[in-house]
Amino acid sequence: MAATPAPGAPVAIGIDIGGTGIKGAPVDLRTGRLVGARHLVPTPQPATPLAVAAAVRELRWQYADLPDDTPVGVTIPAVVRRGVTRTAANIDPAWIGTHAVELFTVALGTPVVLLNDADAAGLAEIRLGAGRGEAGVVLVITLGTGIGSAVFADGHLVPNTEFGHLTIDGVDCCPWASAAARVRENLSWAQWAARLQEFLAYAESLMWPDLIIIGGAISHDADEFLPQLRLEAPVVRAELAGDAGIIGAAYEAGESFRT
Ligand code: BGC
């Protein structure tokens, strides 16, 4: 259950855009805890920029009691460079080249920050979750419809790494080793873990992280596959899983818009 914000506590709203649902909640920036009910609206189909912007607006106004200038952070499963979405692996191709920050700012009537969904989840894990206080290089991998990655060097994010799209023998790892692939192809945990092992070993050979954190809803089933992985770095499950994107986006907004 959501906590109540302490009086005067800084609050920002985090909104996490996914392939099937868009979820959001207000976050107390001192504690990182959700301080209002989590709302979910279905992702419009097709998920065009205008349709998604309208859904994000609907979600924002679920919190009409929060001041109009409450900072808002939004995540999207795409590369985001200088406010422009540059890829669309699991979203409508119309996002490529869209000035998404401008779009959401107009839709909400307030400035927003926008970041890649895995980067947002990683930020939350580094601040509050499994990566708290970790020095060195940390690789956060989110497993869901796709594979997201976030890389941190001494707590600083290197955005848009997109390790999920590494290719092995010409095959994009993203649809091959994602959590969705296990369900779609009816793979056993062992079969799927073998794919994950190949993907993670390859990513590890490129950057030699000190710690690997596995997030996404499937991290709840970590006991089924983490023990099967053999990597150089310790591999741990994420601690915030479902709320990490919301929390990371809210933090980023709080940092960008509050002095
Ligand atoms: C996208 C990434 C995203 C990941 C997880 C991939 O298909 O390219 O940007 O982080 O899915 O949603």
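The following exchange covers the two domains of a predicted model and the ligand held in it.

Visitor: What makes domain 1 and domain 2 separate parts of the chain?
Guide: Their bounds come from an automatic or database domain assignment. Domain 1 takes 11-119 + 243-256, and domain 2 takes 133-239. Their C-alpha centres lie 24 Å apart.

Visitor: How do you know that residues of domain 1 are in contact with residues of domain 2?
Guide: Contact means heavy atoms within 4.5 Å. Eight residues of domain 1 meet 12 residues of domain 2 in this way.

Visitor: What area is buried between domain 1 and domain 2?
Guide: Buried area is the accessible area (1.4 Å probe) that two parts lose on being put together, summed over both. Between domain 1 and domain 2 that is about 750 Å², with 50% from carbon and sulfur atoms. On the side of domain 1, N90, A118 and D119 supply 60% of the area buried against domain 2, more than any other three residues.

Visitor: How many salt bridges are counted between domain 1 and domain 2?
Guide: The term needs a side-chain nitrogen of Lys or Arg within 4 Å of a carboxyl oxygen of Asp or Glu. The count between domain 1 and domain 2 is zero.

Visitor: Which residues are closest to the ligand?
Guide: A residue counts as near if one of its heavy atoms lies within 4 Å of the molecule. There are 13 around the ligand, and the closest are N90, N116, D117, E162 and H165. A polar side-chain atom of N116 is 2.9 Å from a ligand oxygen atom. For an N or O atom in the side chain of D117, the distance to an oxygen atom of the ligand is 2.5 Å.

Guide: Residues are numbered from 1 along each chain as its sequence is written. Local features need pLDDT of at least 70, side-chain atom pairs count only at pLDDT 80 or more, and totals for chains, interfaces and linings use all residues, while side-chain values use heavy atoms, with hydrogens and water left out.

Note on methods: A polar contact is a pair of N or O atoms within 3.5 Å; within protein, one must be able to donate a hydrogen and the other to accept it, and residues adjacent in sequence count only if both atoms are side-chain atoms.
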